Amino acid sequence: MARGMAGPTQPARLIVLGFGLATVLGTVLLSLPIAATDGQRTALSTALFTATSAVCVNGLAVVDTESHWSTFGEVVIMVLVQVGGLGIISLASLLGLLVARRIGLRLQILAQAENKSLELGESKRVVLGVVRMSLAVEAVTALFLFARFALGYDVSLGRAAYLAVFHAVTAYNNAGIALYSDSLTRFAEDPGIVVPIMAAIVIGGLGFPVIYEVTRAMRRRLNRDTALTRWSLHTKLTLVTYFALLVAGVALITAFEWSNPATLGPRDVPGKILTGMFAGVSPRTAGFNTIDVGAMHPTSLLTTDVLMFIGGGSGGVAGGIKVTTFAILAFVIWAEVRGEPTVHAFGRRISADVQRQAITVALMSVGAVMVGTLTLLQMTHFELDAVLFEVVSAFSTVGLSTGITDDLPLGGRILLVVLMFAGRLGPVTVASALALRERERRYELPEERPIVG
């Protein structure tokens with residue numbers, strides 16, 4: 001039995017090892033004197049927190065990025081974000097392909113992937129596809145941002161290019177790290193800045209499998225290809241749930257903050273709508289903010305907690321339990337309420353093992369958030385709203401904060417480091433390990449029904 005269980009856990013170990021090594025290297029580089037503006041060594045705990053936040057594409061920070069880090073330090077952070085983003089998309093896509101082959105399903109990541117095993121050439125095509133898509137989206141985003149920075153603000157062309165590339169990378173990878181002390185608050189009503197960033201956030205958050213299917217369908221339409229394109233259940237679940245939550249988040253936060261004098265209240269109607277849109281998009285695990293999060297109404301904070309915890313699409317840079325997990329649980333509840341023996345969604349039956357995996361990922365994530373919240377409450381004097389928000393943001397790799405991050409004690413910072421790492425890698429590795437270790441049961445025990453409720 002031990003030998004049979006070793007195989008499925010190997011990919012998970014490699015993922016954890018790879019991200020761990022990247023975090024250690026980033027910590028070493030950020031602790032060098034050249035990485036800080038004052039030329040002094042940065043404390044190891046601060047360097048570790050920042051490196052973990054960058055590699056896990058989180059965005060939480062214990063020091064001000066603009067004033068503390070030098071250009072060298074900022075470039076290190078940007079590279080760590082890029083490595084972390086590309087790494088998690090590639091590994092999640094490869095694991096998804098491996099899982100699909102293992103359980104006999106066709107994952108429509110590759111058009112010609114008809115063989116029943118994950119071969120070297122197939123792996124290369126997945127990784128190259130991820131890299132090409134990522135760089136293309138970042139390049140287009142950077143181009144729009146460069147034009148706006150160069151034409152609309154008093155900065156040199158070189159500085160405009162640097163700002164554009166940095167924010168394009170951190171936006172697409174849903175890292176939410178900005179080169180301004182107020183994040184993107186100064187650009188709250190500038191559509192030339194916030195719209196390209198919102199678009200990059202959404203594309204990165206949907207995940208590579210979904211983007212691949214969408215772009216393939218678009219190419220067929222442009223080429224007038226009459227071949228039938230059938231959307232996979234994964235793509236249908238992701239698109240419908242992602243955009244439903246997006247619309248709900250934008251509507252609720254805009255409504256709750258409409259008259260708040262510290263957030264949307266002083267703005268005109270177009271400014272309120274644009275700023276409210278960004279506040280609803282950012283919890284898709286991006287982490288940028290254009291309003292003071294600490295001044296938001298408690299109902300808005302709770303709404304953001306829920307949006308952050310659910311996260312974005314699988315096989316992408318978004319964190320959280322993923323929208324597909326949330327959608328599957330919703331369909332399970334709907335089937336149970338209707339008294340149906342099996343769960344169906346969009347004309348397809350969802351297998352019992354997938355249902356169990358979704359429940360496992362969701363409940364393990366709830367447990368991690370609860371333990372983290374209770375521990376941080378014991379360590380600090382902050383209110384529950386702020387602590388819960390911080391823990392959910394860390395675990396869901398979002399990066400939004402009510403402003404308490406840099407006031408946390410060393411133990412609290414280490415706790416957030418653990419939550420960021422677990423939140424970034426946990427759902428992916430747990431889900432893949434559960435699927436890969438699936439085996440046929442040769443016997444069943446007598447059935448008995450306990451009382452529920």
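**Warm-up: contacts and overall make-up**

Work out what share of the contacts with a separation of 6 or more comes from residues 24 or more positions apart.

*Solution.* Residues 24 or more positions apart account for 71% of those contacts. Keep in mind that you're working with a predicted model. Next, list the secondary structure: the protein has 15 helices and two strands. Then check burial: of the 453 residues, 51% are buried. Finish with the surface, where about 21100 Å² is exposed and carbon and sulfur atoms supply 65% of that area.

**Exercise 2: helix α11**

Check whether the end-to-end distance of helix α11 agrees or disagrees with its residue count, at 1.5 Å a residue.

*Solution.* Start with the count: α11 runs over residues 298-310, which is 13 residues. The expected span is 1.5 Å times one less than that number, so you should get 18 Å. The end C-alpha atoms sit 19 Å apart, so the two agree.

Now look at what the helix buries: S300, L301, T303, T304, D305, L307, M308, F309 and I310. These buried residues pack against five partners, namely α9 (233-257), α10 (269-281), α12 (323-337), α13 (352-379) and α14 (384-395). Just past the helix, G311 has a positive phi of about 80 degrees.

**Exercise 3: T373 and M277**

Classify T373 and M277 as buried, partly exposed or exposed.

*Solution.* Take T373 first, in helix α13. Its relative accessible area is 5%, and the cut-off for buried is under 20%, so T373 is buried. Leaving out residues up to four places away in sequence, T373 touches L384, V387, L388 and V391.

M277 belongs to helix α10. Its relative accessibility is 35%, which falls between the 20% and 50% cut-offs, so M277 is partly exposed. M277 also joins W258, V269 and I273 in a nonpolar surface patch of about 330 Å².

**Exercise 4: the nonpolar cores**

Find which residues of the largest nonpolar core touch the most other members.

*Solution.* Begin with the background: in soluble globular proteins, nonpolar side chains tend to be buried together. Here the largest core has 97 residues, and L30, I77, V81, F149, I197 and F288 touch the most other members. Helix α6 (residues 157-172) gives this core its largest share, nine residues. Zoom in on F149: skipping residues up to four places away in sequence, F149 touches V155, A160, L163, A164, Y180, F187 and I193. Apart from the largest core there's another one of nine residues, including L237, A327, I328 and A335.

How values were computed: Residues numbered from 1 in each chain as written. Predicted model: local features only at pLDDT ≥ 70, side-chain atom pairs only at ≥ 80, totals over all residues. Heavy atoms only, no water. Helix = DSSP H or I, 4+ residues; strand = E, 2+ residues; numbered from the N terminus. Buried < 20%, exposed > 50% of the residue type's maximum accessible area, 1.4 Å probe, protein only. Contact = heavy atoms within 4.5 Å. Areas by Shrake-Rupley, 256 points an atom, 1.4 Å probe, with all protein chains shown as cover. Patch = residues over 30% accessible without salt bridge, like charges linked within 9 Å, V, L, I, M, F, W, Y side chains within 5 Å. Salt bridge = Lys/Arg side-chain N within 4 Å of Asp/Glu carboxyl O. Core = buried A, V, L, I, M, F, W, Y, C linked by side-chain atoms within 4.5 Å.
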